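Here's a quick tour of a fold for anyone who likes to know what they're working with before setting up a calculation. Have a look at the structure first, and then we'll go through it piece by piece.

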Amino acid sequence: SLSHIRAPRSRTHTRARSRTIATMAAADDSAILEAREASIETLVSMPAAADDSAVLLSDETWQKLVATFDANGDGALDLSEFSALVDALIEDAPSSTVTAEEIAGNPAFGPQRATVTASELRAAAVKGVFGDLSHVLPLILRRILVAQPTPRPQQPPQQCPQRAVPPSATRLPYGCAHHNIKSDLYHNRPVRISTPPPTHVSQAARFEVIVDAGGISNVGRNLHIELLAQSGRPFRIATMVAGNSGRPGGACGFEDGTVRALHPNHSTQEEDVISNWLATTCHADGQPLTDAVADGAHPLANMLYQQTIAGQWGMSNPAGTDKFTIQHVDYTRARSASFYGDAWVVEDALLSSKRVAPPAQKSYAVTEAFPTSLVFVAGPNCGAWGRSDRSTTRRTYNRFAAEDYPLFRAGVEAALHAGLVAMARLGCDVALLAHVSA
């Protein structure tokens with residue numbers, strides 16, 4: 001069983017956990033109860049054609065089911081991932097009283113273990129371990145097979161047809177590191193940080209609110225100059241970016257590997273930081289980002305995007321309408337704040353000051369650059385609903401968090417937590433925080 005890794009769980013609706021399936025059913029509900037406790041084979045054959053039942057009972061189907069809820073990509077489900085599956089089943093059976101912990105503790109799963117595989121899950125389901133959720137299990141299997149494709153391995157973005165990037169650009173740092181603390185948050189475990197605290201730190205961290213019309217990059221630039229003058233050494237600064245969980249780079253990042261709409265007039269933080277980062281870096285490499293090439297035609301900007309954050313998170317099928325993400329989270333069904341415990345880091349980036357002149361003239365002072373690490377996080381999306389079914393904001397909208405402020409707040413805290421953990425592991429001295437989910 002999976003019972004030895006039990007963890008407390010919260011639901012947005014009240015359910016009597018202590019009641020058994022038998023005591024729940026009234027005398028005149030015996031037929032319904034009998035159907036719910038029937039084997040998966042019987043249940044599948046009732047609403048579906050014979051050829052459909054064969055597909056639903058295949059090992060491949062269950063492997064796809066596991067892949068859908070496998071958040072850490074190890075090919076099996078731990079208790080937190082298994083609980084996400086149970087939550088999806090409860091969506092179609094809100095009156096159910098069974099819990100993920102009760103199901104996971106069923107002897108049908110065999111000896112105690114930390115995870116369960118697709119074949120073990122299928123065998124246990126046939127034995128009826130899902131109780132009063134058995135009758136809705138075929139529904140989610142069909143959705144995965146028919147309505148929603150299995151998440152496919154992310155392919156490298158297509159290379160753009162522009163001219164080759166000059167050799168000098170190869171000296172720029174590339175890469176993106178993923179920090180995943182979802183399991184630690186779910187199980188309420190301490191998050192391990194292997195990097196020791198900086199030896200020069202002699203006092204506890206302090207929190208300070210700094211307001212600047214130019215935004216977070218101005219704050220970072222000013223702190224860089226101030227701290228350098230005080231100590232004679234550069235401080236490591238990390239800049240948190242409030243990202244879009246379904247689309248790296250937000251409105252600036254495109255699935256073909258190009259970056260567009262790079263300008264200083266964005267009203268959203270992610271797009272503003274992306275534009276600033278690429279404009280500053282391209283200038284530092286002698287390839288200024290002019291208006292003529294700021295909309296997908298700048299080869300160095302495109303390559304920076306492709307070799308850092310492109311494809312690191314977001315929708316598995318950008319052109320589709322399903323809810324599957326590269327990070328193995330269906331945010332539309334996320335009832336646990338722990339699902340927002342991801343952070344993605346681009347080290348050794350460059351940002352510059354942003355000049356704001358009345359009435360609304362904005363520009364990046366690319367000669368006033370400072371080094372920083374970009375830390376992308378994504379809190380609950382409860383305010384953006386795209387115009388089409390393909391919109392990433394529509395496909396990541398969390399109605400549970402929208403209706404439950406404590407869940408929303410906990411999701412924001414999880415995103416901030418992941419970002420701060422990533423910064424600590426980098427050994428950063430200064431953490432510039434973002435207004436996550438604001």
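## The sheet

Let's start with the strands. This is a predicted model, and in it five strands line up as an open sheet, in the order β1-β3-β4-β2-β5, with mixed pairing. At the edges sit β1 (177–180) and β5 (430–432), each of which pairs on one side only. Ignoring direction, neighbouring strands here are turned by 50° against each other on average.

Helix α16 (residues 405–426) packs on this sheet and touches β1, β2, β3 (342–357), β4 and β5. The direction of α16 makes about 95° with that of β3.

Zooming in on one pairing: strand β2 (residues 237–242) and strand β4 (residues 361–377) run parallel and are joined by five bridges. If you want a specific pair to click on, try methionine 240, whose bridge partner in β4 is valine 375.

## Helix α12

How does the span of helix α12 compare with what 1.5 Å a residue would give? The helix covers residues 269–284, so its 16 residues should span 22 Å, and the end C-alpha atoms are indeed 22 Å apart, in agreement with that.

As for its surroundings, 13 of the 16 residues of α12 are buried, so the helix is largely enclosed by the rest of the structure. Just after α12 comes glycine 286, which takes a positive phi of about 80°.

## Asparagine 398

Next, a polar residue in a loop. Asparagine 398 sits between α14 (392–395) and α15 (399–403). Is asparagine 398 buried or exposed? Its relative accessible area is 0%, and since anything under 20% counts as buried, asparagine 398 is buried.

What is asparagine 398 in contact with, leaving aside neighbours within four places in sequence? The list is Tyr331, Thr332, Ala334, Tyr340, Asn381 and Cys382.

## The chain as a whole

Stepping back, the chain has 16 helices alongside its five strands. Of its 438 residues, 48% count as buried. The accessible surface of the chain comes to about 20400 Å², and 54% of that belongs to carbon and sulfur atoms.

One last number concerns contacts along the sequence. Taking contacts in the chain between residues at least 6 apart in sequence, 73% join residues at least 24 apart.

Methods: Residues are numbered from 1 along each chain as its sequence is written. This is a predicted model: local features need pLDDT of at least 70, side-chain atom pairs count only at pLDDT 80 or more; totals for chains, interfaces and linings use all residues. Side-chain values use heavy atoms; hydrogens and water are left out. Helices (H or I, at least four residues) and strands (E, at least two) are DSSP runs, numbered from the N terminus. The expected span of a helix is 1.5 Å times one less than its number of residues. Buried means under 20% relative accessible area, exposed over 50%, partly exposed in between (1.4 Å probe, protein chains only). Two strands pair if DSSP finds at least two bridges between them. Axes are lines fitted to C-alpha atoms, for helices over the stretch in contact, and angles run from 0 to 180 degrees between N-to-C directions. Contact means heavy atoms within 4.5 Å. Accessible areas come from the Shrake-Rupley method with a 1.4 Å probe; for residues, only the protein chains shown count as cover.
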